[in-house]
Amino acid sequence: ILILIFFIFPPSQETVFPCQIINEHESLIMVKKLFATSISCVTYLRGLFPESSYEEGHLDDLSLKILREDKKCPGSLHIIRW
């Protein structure tokens, strides 16, 4: 599965997770967002990648560090493309 976190979390002020899921496609997108958020949080808290490998994301009032493509850090590219 190719998960590009940048495309899952487009830079905008819209809410990351919708209040209602109507169909299977929206459900799949929601699962990908939850998975990306989980992996990003774990890798950030464990200090697996440098700070430059993360971008700021928001979930309502909660600030999140979201893993992004960082050509200087091949490990982050490997996780994102997995």
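How many aromatic pairs does a search of the whole structure find? The search turns up one aromatic pair, where rings of Phe, Tyr and Trp (its six-membered ring) pair if their centres lie within 6.5 Å, with planes under 30 degrees apart called stacked, over 60 edge-to-face and the rest tilted. The partners are Tyr44 and Tyr54, edge-to-face at 5.1 Å centre to centre and 80 degrees between the planes. Tyr44 sits in helix 2 and Tyr54 in strand 1, so the pair ties together parts that are 10 residues apart in sequence. Tyr54 is buried at 7% relative accessible area, while Tyr44 is partly exposed at 32%. Here buried means under 20% relative accessible area, exposed over 50%, and partly exposed in between (1.4 Å probe, protein chains only).

A word on ground rules: this is a predicted model, with local features needing pLDDT of at least 70 and side-chain atom pairs counting only at pLDDT 80 or more, while totals for chains, interfaces and linings use all residues. Residues are numbered from 1 along each chain as its sequence is written, and side-chain values use heavy atoms, with hydrogens and water left out.

**Helix 2**

Helices (H or I, at least four residues) and strands (E, at least two) are DSSP runs, numbered from the N terminus. Helix 2 covers residues 24-45, and its 22 residues should span 32 Å; the end C-alpha atoms are 32 Å apart, which agrees. That expected span is 1.5 Å times one less than the number of residues. At the N-terminal end, Asn23 acts as the cap, with a side-chain oxygen 3.1 Å from the backbone nitrogen of His25. After the helix comes Gly47, with a positive phi near 70 degrees.

Which residues of helix 2 are buried? They are Met30, Lys33, Ala36, Thr37, Ser40 and Thr43. An α-helix has 3.6 residues a turn, so residues three or four places apart point the same way. Ser40 has a relative accessible area of 0%, and its side chain reaches the backbone oxygen of Ala36 at 2.9 Å. That is a polar contact, meaning a pair of N or O atoms within 3.5 Å; within protein, one must be able to donate a hydrogen and the other to accept it, and residues adjacent in sequence count only if both atoms are side-chain atoms.

**The hairpin and its charges**

Strand 1 (residues 54-59) and strand 2 (residues 62-67) run antiparallel, joined by six bridges; two strands pair if DSSP finds at least two bridges between them. They make a hairpin with two residues between them, and Asp60 in the turn has a positive phi of about 55 degrees.

The salt bridge count is three, taking a side-chain nitrogen of Lys or Arg within 4 Å of a carboxyl oxygen of Asp or Glu.

| Salt bridge | Closest N to O distance |
|---|---|
| Lys65 and Glu51 | 2.9 Å |
| Lys65 and Glu56 | 3.5 Å |
| Glu69 and Arg81 | 3.5 Å |

Glu51, Glu56 and Lys65 are linked in a network of salt bridges. Glu56 also has Lys65 as its bridge partner in strand 2. Lys65 is partly exposed at 24%, as are Glu51 at 43% and Glu56 at 44%.

**Cysteines**

How many disulfides are there? The count comes to zero, with a disulfide taken as a pair of cysteine sulfur atoms within 2.5 Å. Cys41 is partly exposed at 28% relative accessibility, whereas Cys73 is buried at 11%.
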